[in-house]
Amino acid sequence: MDKSNGIEKTKQLSTDLKDAGHIQNIVLIWLDSTANDSTIDCDNTIKQFKRIVNTIKTFTNDEQCIQFMQSMTDSRICLITSDAFGQRILPYIHGMTQLDTILIFSHNKQLYEEWTKKYPKFKGVFTEISSICEALQIAVHQCEQNILPISLFNVNIANESDEIFNRLDLSFVFIQVIKEILSKIDFGEIHLDEYVNYCRDLYPEDDDELENISQLSRDYYSKRPIWWYTQESFMCRMLHRAIRSLDAGIIVRMGFFIDDLHRDIQRFYSEQFDNPDSDTKTLTVYRGQGLLVENFDRLSKLKNGFISFNDFLLTNKNRQIAYDFAQQTATNPDLVGILFIMNIDTTDSMTPFADITKVGFFKTQDEVLFSMQSIFRIDDIELIDTNNHIYEVTLTLMKNDEENLRKLTNRIREETFFDKVGWARFGQLLIKMNQFQKAQEVYEVSLNQTTYDSEKAPLYYQLGWLKHQQKDYQAALTFYEQSLYIAHETLPSNHISLASSHTSIGAVHYSMGNYPKALAS
């Protein structure tokens, strides 16, 4: 195929998707000759798709579609197309790791058997929008289950001498730091309001989501955080995306909800398990999902090591339900089907968890929800289905007295500015990792959530420092001067922060070549 056409348009589409990428891990692509028609039928179809996937891109040109898919390396793609386009495009795209599911909208049912054998990611031929939406819903749910972020590490990682960042992936470190930050912040309505306003800006023309946002604003405090989490609305999808991609700005904006959800799980854990009257001393739950082949290879070499699920973790008491998930995943050539068996001593757990049967949105039976970053020991790995390559991985939830994990937590604290307060610590960590743009967003969002001038001064100072590093000297001066003004108003005249601000302002003037002003500062 000639892929020289439409490159500029594809670059623009990739740029347009950056903001949409905040919303969900999954992108739906609709490739069809009528996908961009300005008709009621087309609008209604897109509206139905949007109830399942927030981010939708439509194409009428297969070459542009392929180029766009190649650029989407940090998302998972569900593709809906016609049989005519499918015949042309599938040989070029099926091997893409980011492509999760292919659904064909056609009356040609004869394709099913032929393409199922040839293309494992192909999930069926559908003649009606309602049936293709049902299949899309299942595919999206399965895909979200498979891409939950995990970390794998050995038991002695905290004893090694080099810096922790050289041996542990950033996801684990960042989530550990975020948990500690959240535990020390007093959240209130200002945080909910800031998040609601942000979401309204994201969905200016989506009436369904705007109504959901209004419901969130109106009813947030009248329902349990677990109810909101299991509703599977835009908020849940955005949370999963932010944690997986370590989107600093969204994590700060959603900090109030992450903290509320953790505390809700903690309350249920105390009521259901962590009390003398509880009859349940041990518990076994299950989770079926797919792991990328490279992650499974690492897992298989880490028996007696640790696995951390760095997001909130939904499991089930019913083994068959979990096994069915693993079996569905095993058809994807990029993944290995895994049935996790998780054994828990309910009397002593490092991570709180809760049976959410009666409090979730769907009132689904036998579901158990773990708080963010649950850590398990890897006990055993066994192949249980040779035909579908499904493995059973037995895990044990770690207890509070696990010495190696306590050492690891302390090492992370020592190397991640534990003396800094609130989100300033996260910003400093991002700066250490040379992620200046993310650090800037942390400080900017924190300013919107702050009402006290005394808390704004250090945020303005950090923004000034960042702009100085980026050689945006005028912006650096503006932020430093704002910090200095607040410091003069709120601090004693001999406070060290005043001297720091004057010194920094002088350094910026020096960088600009304004030497007299540099000396005067």
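A residue counts as buried when its relative accessible area is under 20%, and a salt bridge needs a side-chain nitrogen of Lys or Arg within 4 Å of a carboxyl oxygen of Asp or Glu. Keep both cut-offs in mind as we walk through this structure, which is a predicted model.

Let us start with D311, in the loop that runs between β8 (306–309) and β9 (313–316). This aspartate is buried but has no salt bridge. Its nearest side chain of opposite charge is R287, 8.1 Å away, and a salt bridge must fall within 4 Å. What D311 does have is a polar contact of 2.7 Å, side chain to side chain, with H240. Setting aside residues up to four places away in sequence, D311 also touches L148, P149, I243, S371, M372 and Q373, along with H240.

A little further along the chain comes helix α15, made of residues 319–329. N318 caps its N-terminal end, with a side-chain oxygen placed 2.9 Å from the backbone nitrogen of Q320. Within the helix, A322, Y323, F325, A326 and T329 are buried. These residues span an arc of only 155 degrees around the axis, so they sit on the same side of α15. The general rule is helpful here: an α-helix has 3.6 residues a turn, so residues three or four places apart point the same way. And what do the buried residues of α15 pack against? Their partners are helix α6 (129–146) and the strands β7 (282–292), β10 (335–345), β13 (374–385) and β14 (390–397).

Now for the nonpolar interior. The largest nonpolar core has 77 residues, and F257, L408, W423 and F426 have the most contacts inside it. Helix α7 (residues 170–182) gives the most to this core, contributing 8 residues. To see one of these residues up close, pick out F426: leaving out neighbours within four places in sequence, it is in contact with F174, I178, I181, A248, V252 and V442. Another core, of 27 residues, lies apart from the largest one and includes L148, F309, I338 and L395. You have already met L148, as one of the residues that D311 touches.

Finally, let us turn to the charged pairs. How many salt bridges does the structure hold? There are 21. One of them joins the side chains of E163 and K432, at 3.1 Å from N to O. E163 is in the loop between β6 (150–153) and α7, while K432 is in helix α17 (residues 423–432), so this pair ties together parts that are 269 residues apart in sequence. Both ends are partly exposed, E163 at 33% relative accessibility and K432 with a relative accessible area of 31%.

A second pair, R413 and E180, meets at 2.7 Å from N to O. Because R413 lies in helix α16 (residues 403–414) and E180 in helix α7, the pair ties together parts 233 residues apart in sequence. Here R413 is partly exposed at 30% relative accessibility, whereas E180 is buried, with a relative accessible area of 9%.

A third salt bridge is formed by D380 and K303, whose closest N and O atoms are 3.8 Å apart. D380 belongs to strand β13 and K303 to the loop between α14 (293–300) and β8, 77 residues apart. D380 is partly exposed, with a relative accessible area of 31%. As for networks, salt bridges that share partners join E180, R413 and R425 into one.

How values were computed:
Residues are numbered from 1 along each chain as its sequence is written. This is a predicted model: local features need pLDDT of at least 70, side-chain atom pairs count only at pLDDT 80 or more; totals for chains, interfaces and linings use all residues. Side-chain values use heavy atoms; hydrogens and water are left out. Helices (H or I, at least four residues) and strands (E, at least two) are DSSP runs, numbered from the N terminus. Buried means under 20% relative accessible area, exposed over 50%, partly exposed in between (1.4 Å probe, protein chains only). Lys and Arg count as positive and Asp and Glu as negative; His and the chain ends are not counted. A polar contact is a pair of N or O atoms within 3.5 Å; within protein, one must be able to donate a hydrogen and the other to accept it, and residues adjacent in sequence count only if both atoms are side-chain atoms. Contact means heavy atoms within 4.5 Å. The arc is that of the directions from the helix axis to the C-beta atoms. A nonpolar core is a set of buried Ala, Val, Leu, Ile, Met, Phe, Trp, Tyr and Cys residues joined through side-chain atoms within 4.5 Å.
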